[in-house]
Amino acid sequence: QVQAVESGGGLVQAGGSLRLSCAVSGRTLSAFGMGWFRQAPGKEREFVAAIGATGLDTYYADSVKGRFTISRDNTQSTGYLHMNNLNPEDTAIYYCALTQRTLRWQLYDIHARATTYDYWGQGTQVSVSS
């Protein structure tokens, strides 16, 4: 079974930084593209960032571009989301997701659709105070 487990969430003041981790087990991480999504109370789950299996192609939601950086270390089977300049609007549960459907996934924002992803972690809470 493929599993993804997020960690690294917590409380931080506005302007602070956090690094989230996504540890993957069950199969080699290199077989998957990885996405990060978040869901705030009362809101739908939204796309944050995605990275291809090679680690060279990355994608970001406009709301986090320039502040967040997605990366991966396939040798350690772990993906990362570095979050800088956090603001209260970033408060949400952050989820790591995996997909093998990465062929031309940059087209029509396929990488940003939750339905693209097959495996999801349980999430980690990020809370940003003003």
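# Strands, two buried residues and a pocket

Ser 21 lies in strand 3, which covers residues 18–25, in a model that is predicted. The points below begin with this residue and with Thr 78, a residue that Ser 21 touches, and then turn to strand 5 with its two partner strands, before ending with the largest pocket.

**Ser 21 and Thr 78**

- Ser 21 has a relative accessible area of 14%, and because buried means under 20%, this residue counts as buried.
- Leaving aside neighbours within four places in sequence, Ser 21 is in contact with Val 5, Glu 6 and Ser 7, with Trp 36, and with Thr 78, Gly 79 and Tyr 80.
- Thr 78 belongs to strand 8, which is made up of residues 78–83, and with a relative accessibility of 12% Thr 78 is likewise buried.
- A polar atom in the side chain of Thr 78 lies 2.9 Å from the backbone oxygen of Gln 76.
- When residues up to four places away in sequence are not counted, Thr 78 touches Ser 21, Cys 22 and Ala 23, as well as Leu 29, Arg 72 and Asp 73.

**Strand 5 and its partners**

- Strand 5 consists of residues 46–51, and because five of its six residues are buried, this strand is largely enclosed by the rest of the structure.
- Strand 4, formed by residues 33–39, runs antiparallel to strand 5 and is joined to it by five bridges, with Ala 49 of strand 5 serving as the bridge partner of Trp 36.
- Strand 4 and strand 5 form a hairpin with six residues between them, and in the turn Gly 42 has a positive phi of about 75°.
- Strand 6, formed by residues 58–60, also runs antiparallel to strand 5, and three bridges join these two strands.
- Ala 49, already named as the partner of Trp 36, stands opposite Tyr 60 in strand 6.
- The hairpin of strand 5 and strand 6 has six residues between its strands, and here Gly 55 takes a positive phi near 80°.

**The largest pocket**

- Rolling a probe the size of a water molecule over the atoms shows where empty space is left.
- In this model the largest pocket holds about 160 Å³ of space.
- The lining of the largest pocket is made up of 13 residues, and those nearest its centre are Arg 38, Ala 40, Lys 43, Glu 46 and Glu 89.
- By character, the residues of this lining divide into seven charged, four polar and two nonpolar.

Technical notes:
Residues numbered from 1 in each chain as written. Predicted model: local features only at pLDDT ≥ 70, side-chain atom pairs only at ≥ 80, totals over all residues. Heavy atoms only, no water. Buried < 20%, exposed > 50% of the residue type's maximum accessible area, 1.4 Å probe, protein only. Helix = DSSP H or I, 4+ residues; strand = E, 2+ residues; numbered from the N terminus. Pairing = 2+ DSSP bridges. Polar contact = N/O pair within 3.5 Å; in protein donor to acceptor, adjacent residues only side chain to side chain. Contact = heavy atoms within 4.5 Å. 1 Å grid on protein atoms, 1.4 Å probe; cavity = no way out; pocket = protein on both sides within 12 Å on 5 of 7 lines; lining within 4 Å. Points joined across faces, edges and corners; volume = space filled by probe spheres on them. Nonpolar A, V, L, I, M, F, W, Y, C, P; charged D, E, K, R; others polar.
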